[in-house]
Amino acid sequence: MLSYVLKLLRSSILIWVISLANTSTPQAIPINLTDGNFRSDDLLKGVTATSSECAQIEQAVSAQVETQESACIRYWTAGFPAEAKTALSKVLIYIPGDQLVAGLPEASYLTRNPKAMQELANSMQSRLGVPFILLSTPGTFGSSGEHSQRRPLESKLMDSALNALKDKAPH
């Protein structure tokens, strides 16, 4: 009996090793520069963007950390004066949470697009009465990066994105 169990274990280990050898990590996909709906592959595989691609998106900043890793972070604003010449005393920044549920995109994620995100920012600003920024995280809502790469890289990229937004604001 023991010999039979060992034989099964050896074959199981061999199958397991073979299955590990045949797995591959998903290949990140290029950033979507259109105004179409957000894609599930963005969340599942990650998104790449060059600095020149990021510059083509009006409401995006390039976030970079000391390891030279970077992400193109999209944002939507509402309630900012058109001719802001001085610093604002208050700005509310909202950063949406995880967009994956049990490893799949949250149900409404695939129905959203940049226009819907701007409408959400406008609605939130109207309800709250202060200038409002909706700031996406890496790999979500049209931003580059890998949504699955959480702390500490995500925190550092978000800090860089916030600093880039502050640099864009009037002082």
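## A tour of salt bridges and odd backbone angles

Lysine 45 is partly exposed, with 32% relative accessible area. Select that residue to begin, and keep in mind that you're looking at a predicted model.

**Stop 1: the partner of lysine 45.** Now add aspartate 41 to your selection. The two side chains form a salt bridge, with 3.8 Å from N to O. Why do they sit about one helical turn apart? Because they are four residues apart in helix α2, which covers residues 40-45. Aspartate 41 is partly exposed too, at 30% relative accessible area.

**Stop 2: next door in the numbering.** Select aspartate 42 and arginine 39. Here's another salt bridge, and its closest N and O atoms are 2.9 Å apart. Is aspartate 42 buried or exposed? It counts as buried, because its relative accessibility is just 4% and the cut-off for buried is under 20%. Arginine 39, on the other hand, has 27% relative accessibility, so it counts as partly exposed. Try switching on a surface and looking for each of them in turn.

**Stop 3: further along the chain.** Jump to glutamate 106 and arginine 112. Their side chains also meet in a salt bridge, this time at 3.9 Å from N to O. Check the surface again: arginine 112 has a relative accessibility of 25%, which makes it partly exposed, and glutamate 106 is partly exposed at 25% as well. How many salt bridges does the structure hold? The count is four, so you could hunt for the one left off this tour, using the rule that a Lys or Arg side-chain nitrogen lies within 4 Å of an Asp or Glu carboxyl oxygen.

**Stop 4: a backbone surprise.** Time to leave side-chain pairs and look at the backbone. Select alanine 102, in the loop that runs between β6 (100-101) and β7 (104-105). What is its phi? About 55°, a positive value, even though this residue isn't a glycine. With 81% relative accessibility, alanine 102 counts as exposed, so you should be able to spot it with the surface on.

**Stop 5: one with a positive phi in a buried spot.** Finish at phenylalanine 141, which belongs to the loop between β8 (132-135) and α5 (153-168). Its phi is positive, near 50°, and phenylalanine 141 is not a glycine either. Where alanine 102 is exposed, phenylalanine 141 is buried, with a relative accessible area of 1%. Hide the surface to see this last residue, then color both loop residues and flip between them.

How values were computed. Residues numbered from 1 in each chain as written. Predicted model: local features only at pLDDT ≥ 70, side-chain atom pairs only at ≥ 80, totals over all residues. Heavy atoms only, no water. Buried < 20%, exposed > 50% of the residue type's maximum accessible area, 1.4 Å probe, protein only. Helix = DSSP H or I, 4+ residues; strand = E, 2+ residues; numbered from the N terminus.
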